[in-house]
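Trainee: Please put the model up, and we can go through its helix packing and its core.

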Amino acid sequence: MRKQLTAVFMAGVLGAACVAMAGCGQEASPAKAGTEAVGVTETGDTTKAGDVMEGGDTTKAGDVKEGGDTTEAADILESAKNGDGGDAAKGSTAILVVSFGTSYNENRKVTIEAIEEAVGREFGDYEVRRAFTSQIIIDKLKERDGLEIDNVEEALDRAVEDGVANLVVQPTHLMDGYEYTDLANELKDYEGKFSKVVLGEPLLSGDEDFDKVVKAIVEKTAEYDDGKTAICFMGHGTEADSNRVYPRMQETLRAAGHENYFIGTVEAEPALEDVMAALKEKGSYKRVVLEPLMVVAGDHANNDMAGDEEDSWKSILEKEGYEVECVLEGLGQIPAVRDIYVEHVQAAMEQLGE
């Protein structure tokens, strides 16, 4: 049974479905306009100050390949991308897709924008809007590219000004970590400003979500599973209790018979050292394929995973004698993963009575 993490705000009364979320006692501050969201990463988790290192749009040469469809996204969400809520009719229902964000433009097109467009196609009668939680990324995109994107507060204010009555807020977060809790708390400031607000669930919520994500990543990487290759996914990791999603993903892979798949994290456990110990225990691997277990392939994927620095996963594994291939593709590039977000929006819509 899908666990219910959806917070419902009706007629000015905020539901309490999110208050039992793990890590509430160690919340990070939500990103507000004019402030820096230091301590949040592209996975939707939080880290220590200074851990966010957003880079440009370069990809590494050689064994690093940029995957996915780089075709220009459709124009469904053009007004939302530019921070323009459009002409929402009074009393309307809108969908606000909230992401951490990324400054890697090409990967944003095939991950965050692809998720937004999947939602737009499924719910064509409703306006789909965008917000990022990282003010650092918002400011960088504005300065570097002239691209203006609302933070959550700005997006909510815009929805109020546009007369939106019912709002579904769907995060693209991986888990119900600190940033998800921050989003729920930020919605409390808008109590009474909408008729109804429903907060959708993050990607890995119910049992079915884990099964579906495992199936999706296994099907995506099936060509590598030759018995001599270890397929390793790098997550971010968090100090919050929600870090349990990573060992649970590993357990789900094992239970499904996928013995050559391994899950590790940059900032928590299981760490790369745990992954390497598991590889050596198996003893038969000559090659390692690295992919991010993150919605986007941003800074962590390009640097911590695939970078040429001596402390990157790629460099460390190469020193151990493995042939390493890095695949810079975020989870948002997988259609089956985008479908899960669409399902979560549908569940939120049902709570609105739509």
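**Helix packing and core**

Mentor: H7 and H12 are roughly antiparallel to each other (angles over 145 degrees between N-to-C directions). This is a predicted model, where local features need pLDDT of at least 70, side-chain atom pairs count only at pLDDT 80 or more, and totals for chains, interfaces and linings use all residues. Residues are numbered from 1 along each chain as its sequence is written, and side-chain values use heavy atoms, without hydrogens and water.

Trainee: At what angle do the axes of H7 and H12 cross?

Mentor: Axes are lines fitted to C-alpha atoms, for helices over the stretch in contact (heavy atoms within 4.5 Å). Those of H7 and H12 come within 9 Å. Their crossing angle is roughly 160°.

Trainee: Which residues of H12 make the contact with H7?

Mentor: From H7 come Asp209, Lys212, Val213 and Ala216. On H12 the residues are Ala336, Val337, Ile340, Glu343 and His344.

Trainee: Which helix gives the most to the largest nonpolar core?

Mentor: That core is a set of buried (under 20% relative accessible area, 1.4 Å probe, protein chains only) Ala, Val, Leu, Ile, Met, Phe, Trp, Tyr and Cys residues joined through side-chain atoms within 4.5 Å. Of its 38 residues, Leu203, Leu204, Ile217, Met249 and Leu331 touch the most other members. With 6 residues, the helix that gives the most is H7.

Trainee: Within what arc do the buried residues of H9 fall?

Mentor: The buried residues of H9 are Leu272, Val275, Met276 and Leu279. They line one face of the helix, because seen down its axis they fall within an arc of 95°.

How values were computed
Buried < 20%, exposed > 50% of the residue type's maximum accessible area, 1.4 Å probe, protein only. Helix = DSSP H or I, 4+ residues; strand = E, 2+ residues; numbered from the N terminus. Axes fitted to C-alpha atoms, helices over the stretch in contact; angles between N-to-C directions. Parallel < 35°, antiparallel > 145°, perpendicular 65-115°, else oblique. Arc of directions from axis to C-beta.
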